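Where do aromatic rings meet in this protein, and what lines one of its pockets? The report below takes up both topics.

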Amino acid sequence: MQTISIVGGGIAGLALASCLDPDRFDVTVHEKRPGQPTVGNALGMWPNAQRALARIGVLEEARAVSPVIGSGSVRNAAGEPWVTVKGGDMFAISRVELLRLLDAAVPGTVRRATGNVRALPAHDGLVVGADGVHSMVRQEAWGARSAAKLTPYLALRGTLPSRVNPDAVGEYWGRGDLFGLAAAQDGLFWYASYRSGLGPYGIAAATALEQARKRFAGYSPTIRQVLAAATPEGILVQRIWTAPRLRSFVRGRSVLIGDAAHAMAPSLGRGACESLVDAVTLADLLNTRPPDEALRAYDRRRVLRTGALSLASSVLVRVALADGAQPLRDGLLRLARRRNQRAAVGNSSGG
């Protein structure tokens with residue numbers, strides 16, 4: 001049996017462990033923290049991620065604990081909609097629920113190890129870096145130049161038990177900041193992002209929440225009410241980091257998946273989705289092909305795809321968090337809204 005060490009027990013690592021053939025591989029998952037988080041944000045499951053969940057065998061369970069996204073709007077800070085997007089069959093699952101389902105899907109033959117992994121495991125098998133944007137595996141195998149890149153943005157994420165009005169769902173774009181609302185199974189998810197001098201590490205949740213309340217004081221009443229009800233214990237606070245572009249996710253006996261490979265700005269909502277696809281793709285290739293061939297095929301399928309998404313997310317975050325160019329952005333979005341309204345009226349009249 002080939003030895004596989006998965007460094008990181010998050011979405012990517014657990015998804016991979018759940019799909020690897022237990023008759024072919026001796027698998028260990030290394031996770032630095034025992035247990036799973038109790039606070040998490042909403043993760044929109046795009047069709048490719050839903051196919052990955054079906055492959056893992058947890059799609060129906062994921063749907064059962066997740067509201068359908070329906071439609072949401074990009075709005076100005078006052079709450080007036082510019083663009084409305086229909087989500088189709090997409091649903092938003094709590095990160096906490098997704099991790100619970102993935103953890104339960106991992107076969108009992110997989111060993112679990114808790115504690116920091118500070119060097120590449122010493123064996124002749126495969127080492128999978130599923131250890132996030134600050135990946136030890138990436139830095140050990142790809143070198144110091146592959147270290148994560150700090151952005152100027154802070155991200156706050158939280159949940160509340162109160163329901164959200166469907167007409168308020170979406171993102172609110174202001175001047176250098178944004179706020180988002182989404183429905184949860186038993187309440188609502190919210191998230192906020194803006195330039196901040198806090199951090200980059202050890203950011204006190206209470207300090208960040210107070211800063212956010214001041215930052216969004218001029219936003220719509222819905223946003224102010226959400227922040228007034230939020231508590232430090234119910235939020236996650238992080239500076240946003242991204243991973244550098246890599247030409248290959250494979251080096252020697254090391255391979256990267258998830259944020260370790262392509263951590264991107266969260267503006268497209270694709271990070272968790274692509275992590276699931278990475279994991280299922282790699283597992284299916286390893287299960288059916290010789291290792292070297294499987295790794296080459298994984299690179300071909302995932303490097304260009306995720307690179308394009310990373311670039312698109314970087315562009316979108318600059319648009320959403322525009323500061324000096326905010327008046328121009330808002331004017332273009334208002335113009336697009338008026339054109340869409342005229343087109344809708346014309347189609348209605350023609351029918």
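What follows covers ring pairs first, then a charge over a ring, then a pocket.

The model is predicted: local features need pLDDT of at least 70, side-chain atom pairs need pLDDT 80 or more, and totals for chains, interfaces and linings use all residues. Residues are numbered from 1 along each chain as its sequence is written, and side-chain values use heavy atoms, without hydrogens and water.

**Ring pairs.** Rings of Phe, Tyr and Trp (its six-membered ring) pair if their centres lie within 6.5 Å; planes under 30 degrees apart are stacked, over 60 edge-to-face, the rest tilted. The count is 6 aromatic pairs. Two of them are tabulated.

| Pair | Centres | Planes | Class |
|---|---|---|---|
| Phe179 and Phe216 | 5.4 Å | 75 degrees | edge-to-face |
| Phe249 and Tyr298 | 6.4 Å | 50 degrees | tilted |

Phe179 sits in strand β11 and Phe216 in the loop between α6 and α7, so their pair ties together parts 37 residues apart in sequence. Phe179 is buried (under 20% relative accessible area, 1.4 Å probe, protein chains only). Phe216 is buried too, at 1%. Phe249 and Tyr298 are both buried. Ring pairs join Phe179, Trp190, Tyr194, Phe216 and Tyr219 into a cluster.

**Charge over a ring.** Arg270 lies over the face of Trp46, 4.5 Å from the ring centre. The rule asks for CZ of Arg within 6 Å of the centre and within 35 degrees of the ring normal.

**Pocket.** A pocket is an open set of points on a 1 Å grid where a 1.4 Å probe fits, with protein on both sides within 12 Å along at least five of seven lines; lining residues have an atom within 4 Å of a point. The second largest holds about 310 Å³. Among its 19 lining residues, Thr242, Ala243, Ala265, Ser310 and Ser314 are the closest to its centre. Helix α10 gives the most to this lining, 6 residues.

How values were computed:
Grid points are joined across faces, edges and corners, and a volume is the space filled by probe spheres set on the points. Helices (H or I, at least four residues) and strands (E, at least two) are DSSP runs, numbered from the N terminus. Buried means under 20% relative accessible area, exposed over 50%, partly exposed in between (1.4 Å probe, protein chains only).
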